[in-house]
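Me: I would like to learn how to read a few features of a protein model. Please take them one at a time.

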Amino acid sequence: MRIRARFTKVGRVRWTSHRDVARMWERALRRGRVPVAYTAGFTPRPQLSFGLALPTGCESVAEYLDIALDSPLDPSELARGVGPLLPEGVDIVAADVVDPGENSLQEDVSSCTWEIHVPGIAPDDLTETVGRALDAELLPIQRERKGRVVIDDLRPSVLALSCAGPDAGGTRLLAELGTRPRGVRPSELAQALGVELGIARRTCQWIERDGSRWEPLTVDLSGPAAVWERAS
Amino acid sequence: MTSLWPQIEPLLAQVTKPARYIGGELGARRPVHAPERVAWLLLYPDTYEIGLPNQGLQILYEILNERGDAVAERAYAPWTDMEAAMRDASVPLFSLENSLPARDFAVLAFNLSAELTYTNVLNMIDLAGVPVRGVDRHASDPLVVAGGHCAFNPEPLADFVDAFVLGDGEEVVGELTEVIGSWRAAGGERRDDLLASLTTVAGVYVPSCYEARYESGRLTGVTPRRADVPERVEKRTIADLGEWPYPKQQLVPLIEVVHDRLNVEVFRGCTRGCRFCQAGMITRPVRERPGAQVEEMVRAGLDRTGYDEVTLTSLSSADFSGIGEVVSSVINDPECSGQVSVSLPSLRVDAFTVGLAAEIQKVRRTGLTFAPEGGTWRMRQVINKLIREEDLYAAVDAAFSQGWRRVKLYFLIGLPTETDDDVLGIARLAGSCAEIGRRYHHNVTVTASVGGFVPKAHTPFQWFGQNTMEELRRKVGLLRDAARGTRGLTLRWHDPEATAVEGLVSRGDRRMGAVVEHVWRHGGTFQEWSEHFDLGLWTTGLEAAGLGLDEIVYRHRDEHEVLAWDHVSAGLHRDFLWQDFQEALAEHGLEDCRWTPCYDCGACTGLGVEHMVASAVPPAGGSQGTGQDLDGAATIPVRFLETAGVSQSPGSAVEHAS
């Protein structure tokens with residue numbers, strides 16, 4: 001049996017790495033005595049698979065994890081039993097059973113929605129920057145790859161881009177960024193646009209197939225409202 | 001006191017491993033400060049990953065936070081990128097729990113576990129915005145205290161640390177809290193009054209109350225400046241570890257750190273009497289934790305933390321009386337369902353111990369480590385590490401036959417009376433171990449890890465002149481040549497330059513303070529990190545202070561010379577140490593006194609405590625000749641040559657040929 005959990009990573013804990021998050025989950029699942037399946041062999045490992053890595057420093061309200069279990073467990077039990085054992089800022093907002101035939105998160109997710117704070121910019125300037133970016137044929141960035149500086153064009157991966165605010169949450173970019181062939185990071189978008197990067201939050205991960213798209217797990221509205229409030 | 005978090009967080013995007021600076025560990029407290037509570041900031045002068053697991057710091061953190069009159073928070077040395085960002089943004093050193101400025105605390109308390117971290121101590125005091133030298137501090141500045149093993153030669157830090165705590169800190173922190181609390185309640189106006197009242201706490205050494213005297217460039221004594229302070233400060237010892245089941249809430253960090261597992265201390269102190277080992281000398285006597293308490297701490301700890309690995313810590317855990325019972329209770333606990341592994345640091349060298357290791361490491365059987373320390377039986381008698389070659393081979397055979405593929409062996413070079421043959425014995429011994437391994441597996445690795453010996457305070461070798469850098473380099477060269485071409489043998493060695501500097505700070509006197517300060521002022525932080533270690537800074541610092549490696553590090557001291565740490569005591573009689581040194585030079589071993597008559601080293605009698613050992617008989621496998629037959633150890637199987645080359649009798653001016 002496989003359970004998929006959707007969780008948040010907000011607040012100070014955003015400074016931990018993807019690997020750190022994996023270890024937090026392993027400890028919490030052991031503490032919660034969840035019957036996690038282990039790999040066989042010399043060094044047994046719990047069978048957990050996380051989706052796309054979240055860059056260190058980014059927040060998210062749409063992280064996912066698939067947990068393979070040795071014996072059945074009610075998904076709501078997982079949220080109730082393990083949720084309180086996770087560090088502050090990491091909250092389970094949804095959990096459900098995954099069909100055995102379902103693809104892995106890594107294979108399925110094709111884009112993510114981000115909300116990116118841009119400090120120290122006039123809203124009009126940001127609107128103009130966004131307009132120019134959408135009109136541009138190329139959005140080149142420099143990045144280091146295996147010790148060499150390469151030029152990448154982000155334009156094909158910028159699937160949607162708009163502005164939000166200014167309001168209580170400041171002035172923000174709303175962006176949908178592709179994950180194939182590789183996930184574009186908010187910091188790279190900021191570099192391409194020539195704007196400063198504030199806190200970036202992943203708000204959705206999308207699976208797209210045959211012209212329609214959906215989230216790996218939708219958030220049950222009774223729980224997440226509280227999480228959203230706390231997170232923002 | 002206001003949180004610095006709004007100033008700290010913007011810096012985190014610029015630095016490596018930002019989670020070093022966010023706290024948030026399971027077990028971390030959020031203490032509430034109040035004027036009547038003495039606020040302690042516990043500091044570890046190295047990175048978060050190295051410092052967080054430190055059990056001493058965690059124990060004091062809990063004890064202080066349990067008190068109504070104290071609060072305690074923590075800070076670790078910011079890495080160089082974070083330090084630069086902090087200085088750039090004028091952000092001072094801050095606590096992890098409440099993000100408070102370090103200088104708002106009443107006490108800055110450092111853990112001193114390694115000499116090469118001393119420049120980081122100065123750097124952290126400075127980052128706190130506190131004058132680095134004690135004489136420049138005012139009543140409004142925090143009190144700077146330090147404890148830990150390195151405090152047993154406090155002199156190199158005497159100019160910077162207001163008070164040192166010697167020995168176990170469990171009781172002292174409370175007493176210090178009360179003294180500081182009363183001083184503050186009385187107005188807290190004169191810092192000198194506070195320092196004077198600290199000298200009334202047993203185990204506390206206040207260097208400014210003592211004067212160091214020199215004659216013709218050599219120390220002649222460190223003596224009280226006031227009539228009411230003791231000539232010699234004795235260490236503190238808790239008599240019963242069972243009364244201190246700490247840490248109860250071991251910190252579980254959000255990021256990976258060293259020793260990232262549950263740690264349960266099974267005993268404190270060691271009487272194996274290895275003559276090079278400072279820890280074994282200064283922590284006597286042996287005090288075991290009751291077996292049932294160990295089991296309970298393991299069970300509760302695993303439950304609470306979610307760790308799947310527990311280390312039973314001590315200086316030689318296989319010697320713990322209840323080791324078999326504790327191990328089987330953990331691994332047979334149905335709650336653990338076979339997924340918990342137990343590890344024992346510093347494995348004893350014998351087949352019994354390997355059997356124990358096999359029982360507990362059913363999973364993750366990767367490498368085993370043994371520490372024969374000396375390459376020949378003669379050498380091991382000198383250092384009192386009474387392991388026969390056949391014991392080592394039996395242990396290694398047991399390890400390889402039971403599935404391990406990697407064996408790591410720890411050795412020291414530069415030991416007293418060492419000849420080139422003793423050095424080469426390391427390659428022979430390790431090579432033979434690799435050969436044994438190949439009987440079982442096609443590919444085995446035996447790693448011989450070789451460190452340069454640094455004589456430490458309060459050990460029988462405290463008088464011994466350390467080998468020069470050149471001599472150590474030459475010996476490493478001998479070993480490299482000898483190990484070359486030996487299949488399955490990998491040689492690793494410690495940088496002889498860092499060994500020389502460690503020697504400098506380990507046995508230096510108060511004048512070393514100027515050198516430590518020089519290195520720090522020229523940017524020499526993180527000196528125990530090879531990428532930051534800079535010998536040049538130390539040598540220019542020595543020159544500026546008119547000091548030299550020859551005098552402080554390489555020179556043999558004679559029996560009656562004043563040592564920089566003579567005015568602090570670990571309970572050991574100086575004449576016991578000297579006698580033991582002479583026994584060493586005569587190649588005589590000394591049995592473990594846990595199960596044999598007392599040698600009157602001074603630790604038990606002077607401190608009015610006793611060994612607390614549950615078992616009346618030595619462990620299977622024996623200990624330093626107790627419960628062992630060591631006859632014939634010298635004949636198997638390595639032949640050793642007559643002592644040749646350097647003569648190492650103390651007191652004589654020895655030239656170390658390079």
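The turns below go through salt bridges, cysteines, backbone angles and a surface patch.

Me: What should I know about the model and its numbering first?

Reply: This is a predicted model, in which local features need pLDDT of at least 70 and side-chain atom pairs count only at pLDDT 80 or more, while totals for chains, interfaces and linings use all residues. Residues are numbered from 1 along each chain as its sequence is written, chains are lettered from A and ligands numbered from 1 in the order in which they are written, and side-chain values use heavy atoms, with hydrogens and water left out.

Me: How many salt bridges does the structure hold over all chains?

Reply: A salt bridge is a side-chain nitrogen of Lys or Arg within 4 Å of a carboxyl oxygen of Asp or Glu. Over all chains there are 74 salt bridges. One of them joins A:Arg202 to A:Glu63, with the closest N and O atoms 3.0 Å apart. A:Arg202 is in strand E10 and A:Glu63 in strand E3 (residues 59-68) of chain A, so this pair ties together parts that are 139 residues apart in sequence. Helices (H or I, at least four residues) and strands (E, at least two) are DSSP runs, numbered from the N terminus.

Me: Are A:Arg202 and A:Glu63 buried or exposed?

Reply: Buried means under 20% relative accessible area, exposed over 50%, and partly exposed in between (1.4 Å probe, protein chains only). Both A:Arg202 and A:Glu63 are buried.

Me: Which residue forms a salt bridge with B:Arg236?

Reply: The partner of B:Arg236 is B:Glu171, and their closest N and O atoms are 3.4 Å apart. B:Arg236 lies in the loop between E9 and E10 of chain B and B:Glu171 in the loop between E5 and helix H6 (172-185), so the pair ties together parts that are 65 residues apart in sequence. B:Arg236 is buried at 13% relative accessibility, and B:Glu171 is partly exposed at 31%. Elsewhere, a network of salt bridges links B:Asp168, B:Glu170, B:Glu265, B:Arg268, B:Arg287 and B:Arg289.

Me: How many disulfides are there over all chains?

Reply: A disulfide is a covalent bond between the sulfur atoms of two cysteines. With the cut-off for the sulfur pair set at within 2.5 Å, the count is 0 over all chains. For A:Cys204, the closest cysteine sulfur is in A:Cys112 at 9.0 Å, too far for a bond. For B:Cys433, it is in B:Cys274 at 18 Å, again too far. A:Cys204 is buried, with a relative accessible area of 15%, and B:Cys433 is buried at 0%.

Me: What is there to read in the backbone angles?

Reply: Most residues other than glycine have a negative phi, and most peptide bonds are trans. Here the bond from A:Arg180 to A:Pro181 is cis, with omega near 5°, and A:Pro181 sits in the loop between strand E9 (170-178) and helix H5 (186-193) of chain A. The bond from B:Tyr246 to B:Pro247 is also cis, with omega near -10°. A:Asp210 is not a glycine, yet has a positive phi of about 50°; A:Asp210 is exposed, at 78% relative accessibility.

Me: Which residues form the negative surface patch?

Reply: Patch residues have over 30% relative accessible area and no salt bridge; like charges are joined within 9 Å, and nonpolar side chains (Val, Leu, Ile, Met, Phe, Trp, Tyr) within 5 Å. The negative patch is formed by B:Asp558, B:Glu559, B:Asp575 and B:Asp600. B:Asp600 is partly exposed, at 38% relative accessibility.

Terms used
Accessible areas come from the Shrake-Rupley method with a 1.4 Å probe; for residues, only the protein chains shown count as cover. Lys and Arg count as positive and Asp and Glu as negative; His and the chain ends are not counted. The place of a charge is taken as NZ of Lys, CZ of Arg, CG of Asp or CD of Glu.
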